[in-house]
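Trainee: Please take me through this protein with the structure on screen.

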Amino acid sequence: MEENRQVFEADEDAYGGMNVHIKESMDSIKFITMLRASISQWTNQGKKGVWIKLHIEYAHLVNDAVKEGFWYHHAEATYLMLVCWIPQTPHTIPANASHRVGIGALVINDNGEVLVVQEKNGTFKGTGVWKLPTGVVDEGEDICDAAIREVHEEAGIKAEFVELLAFRQSHKSFFGKSDLFFVCMLKPLFYNIQKQDSEIEGSQWMAIEEYAAQPFIKKHEMFNKIAEICLAKKENKYNGFSKVLLTSAFSTKRTYLYYSQN
């Protein structure tokens, strides 16, 4: 911040917006004075959106920002992102992340058996249903790596990614967000199960036909279709999507593209 100018230090983004940096604590009077001076200057310069990332230690400034026309965009464990739109036109601020991403892991051994678990908590608690290991993809984590991690966490099995078999999109799910769920096929590197005691009631290798024949699986269309895909994959009658690392036109960072190589 440059106190002599009474405006906030900020970086301009590629869309004519300003990203404000709050680096020190201040009282409401100072904050509002500098914010108004900054908005006035950026208005004269033709700027558009203004973003303020308020870390949790500056939470006392949230109400002041809202009174000056800012609204909540998103929040994480340690900060709140606020935004406002300067022009007298409908704003083009992008929405917050709209989806949560999850995985299900089909782990098939050389005996044609599938790794299944029973959960201690959640929807499947006490149902007796044997299901595929599932979980949520962490921030910054690739889908293929999330599947490997979840299998190791829930059953102690180290495995390697083979293919992406299918995915499902649903809406109004976790906290009202949409949900993407990817079914991945993995190959186990060893078979000795060491289940996670805190979340997993039981884990075993089960004939894939037995898994698919469970009444719960047969009753529900989505589970039944996924089981059919698993059976077809075992019989080499279904091709999924392999992964390849590539760069894009926008970054030199290599990311995974999943596609059919057949």
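Mentor: The strands, a surface patch and a record annotation follow. This is a predicted model, where local features need pLDDT of at least 70, side-chain atom pairs count only at pLDDT 80 or more, and totals for chains, interfaces and linings use all residues. Residues are numbered from 1 along each chain as its sequence is written, and side-chain values use heavy atoms, without hydrogens and water.

Trainee: Which are the edge strands of the open sheet of five strands?
Mentor: Strands (E) are DSSP runs of at least two residues, and helices (H or I) of at least four, numbered from the N terminus. Two strands pair if DSSP finds at least two bridges between them. The open sheet has mixed pairing and the order E1-E2-E3-E5-E4. Pairing on one side only marks the edge strands, E1 (10-12) and E4 (71-75).

Trainee: What is the bridge partner of Asp11 in E2?
Mentor: E1 and E2 (residues 18-21) pair in the antiparallel sense over three bridges. In E2, the partner of Asp11 is Asn19.

Trainee: Why does Tyr259 count as partly exposed?
Mentor: Tyr259 lies in strand E13 (residues 255-259). Buried means under 20% relative accessible area, exposed over 50%, and partly exposed in between (1.4 Å probe, protein chains only). Tyr259 counts as partly exposed because its relative accessibility is 33%.

Trainee: Where does UniProt place the "domain: Nudix hydrolase" feature?
Mentor: The entry is unreviewed; UniProt positions use the numbering used here, feature names are shortened, and annotations may be inferred rather than shown by experiment. The chain there is 25% helix and 38% strand, with end C-alpha atoms 29 Å apart. UniProt places the feature at residues 98-230.
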